[in-house]
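Me: I would like a close look at one part of this model, please. Take your time, and put the answer in its surroundings.

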Amino acid sequence: MDRLASDLIELATRHNLVYFLNLGAINRGWARSASGNTAEGISLIEQGIRNLRETGTVLALPHYLARKAEALHLADRTSEALEAINEAEALAERFEQRVYRATLHRLRGVFLAAIGAEETQIEASFCEAIRIAKEQKSVSLEKRAEATYAEYRRQKASGSGCRGFRLPLW
């Protein structure tokens, strides 16, 4: 992903494509976070989002906020990750970008489990992700949400506890 983001940044710079330059920065930041360099990754993601907002862009902003939330979670800043998810959900509703709703609810479930939230909240998030994916007829999002929920239940049943719950996020 880092290499592809670099290629995108190079191409966007060459052709003065501001949107794609920021998209490249966000994806580079996400890749760096996933590779363990969370401080640099979060900084790149936040700068890309900030630049997009300055241009008035709302297209896919909930998705980019979800990327930021993942990076924050990887940096053990899960409370901030939940704030980013809340903002992403509000924007998705406001601008009718509902395609992201199932993913946002699934991530909320992961983050709630990681901080040891109430079981009813965690389960409600996973169930809502599954329900939305089914409603949208998205088999891939449905399977992803079901797999994440099953892993949560497996860890809970094994007695290993879910505080610090970690899964591949995407």
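Leaving aside its neighbours within four places in sequence, which residues is Ile 49 in contact with?

Reply: Happy to. A word on the ground rules: this is a predicted model, in which local features need pLDDT of at least 70 and side-chain atom pairs count only at pLDDT 80 or more, while totals for chains, interfaces and linings use all residues. Residues are numbered from 1 along each chain as its sequence is written, and side-chain values use heavy atoms, with hydrogens and water left out.

Now to your residue. Setting aside neighbours within four places in sequence, Ile 49 is in contact with Ile 26, Leu 61, Tyr 64, Leu 65 and Lys 68, where contact means heavy atoms within 4.5 Å. Ile 49 also belongs to the largest nonpolar core, which has 35 residues; Ile 49, Tyr 64 and Phe 111 are the ones that touch the most other members. Such a core is a set of buried Ala, Val, Leu, Ile, Met, Phe, Trp, Tyr and Cys residues joined through side-chain atoms within 4.5 Å. At least two residues of this core come from each of helix H2 (18-34), helix H3 (38-54), H4, helix H5 (78-94), helix H6 (101-114), helix H7 (119-135) and helix H8 (139-157). Helices here are DSSP runs of H or I with at least four residues, strands are runs of E with at least two, and both are numbered from the N terminus.

Let us turn to helix H4, which covers residues 61-74. Of its 14 residues, 13 are buried, so H4 is mostly covered, buried meaning under 20% relative accessible area, exposed over 50% and partly exposed in between (1.4 Å probe, protein chains only). The length of H4 also fits: at 1.5 Å a residue its 14 residues should span 20 Å, and the end C-alpha atoms are indeed 20 Å apart. That expected span is 1.5 Å times one less than the number of residues.

What follows H4? Asp 76 does, with a positive phi near 60°, although Asp 76 is not a glycine. Asp 76 is found in the loop between H4 and H5 and counts as exposed because its relative accessible area is 62%. The loop between H5 and H6 holds Glu 96, another non-glycine residue with a positive phi, near 55°. Glu 96 is exposed as well, with a relative accessible area of 60%.

On the far side of the H4-H5 loop, Thr 78 lies in helix H5. At 9% relative accessibility, Thr 78 counts as buried. Its side chain makes a polar contact with the side chain of His 73 at 3.0 Å. (A polar contact is a pair of N or O atoms within 3.5 Å; within protein, one must be able to donate a hydrogen and the other to accept it, and residues adjacent in sequence count only if both atoms are side-chain atoms.) Not counting residues up to four places away in sequence, Thr 78 touches Leu 72, His 73, Phe 111, Ala 114 and Ile 115. Phe 111 is one of the three residues named above for touching the most other core members.

Helix H2 has a residue worth a look too: Asn 27 lies there and is buried at 13% relative accessibility. Leaving aside neighbours within four places, Asn 27 is in contact with Met 1, Ala 5 and Arg 67. Arg 67 and Lys 143 are 76 residues apart in sequence and 20 Å apart in space, C-alpha to C-alpha. Lys 143 sits in helix H8 and is exposed, at 54% relative accessibility. Glu 142 lies in helix H8 too, yet Glu 142 is buried, with a relative accessible area of 19%. Beyond four places in sequence, Glu 142 is in contact with Ile 130, Ala 133 and Lys 134.

Stepping back, the protein has eight helices and zero strands. Of its 170 residues, 46% count as buried. Residues 24 or more positions apart account for 56% of the contacts with a separation of 6 or more. The C-alpha trace spans about 55 × 35 × 25 Å along its principal axes. The radius of gyration is 16 Å, in agreement with the value near 15 Å for a compact globule of 170 residues; it is taken over C-alpha atoms, and the globule rule is 2.2 Å times the number of residues to the power 0.38.
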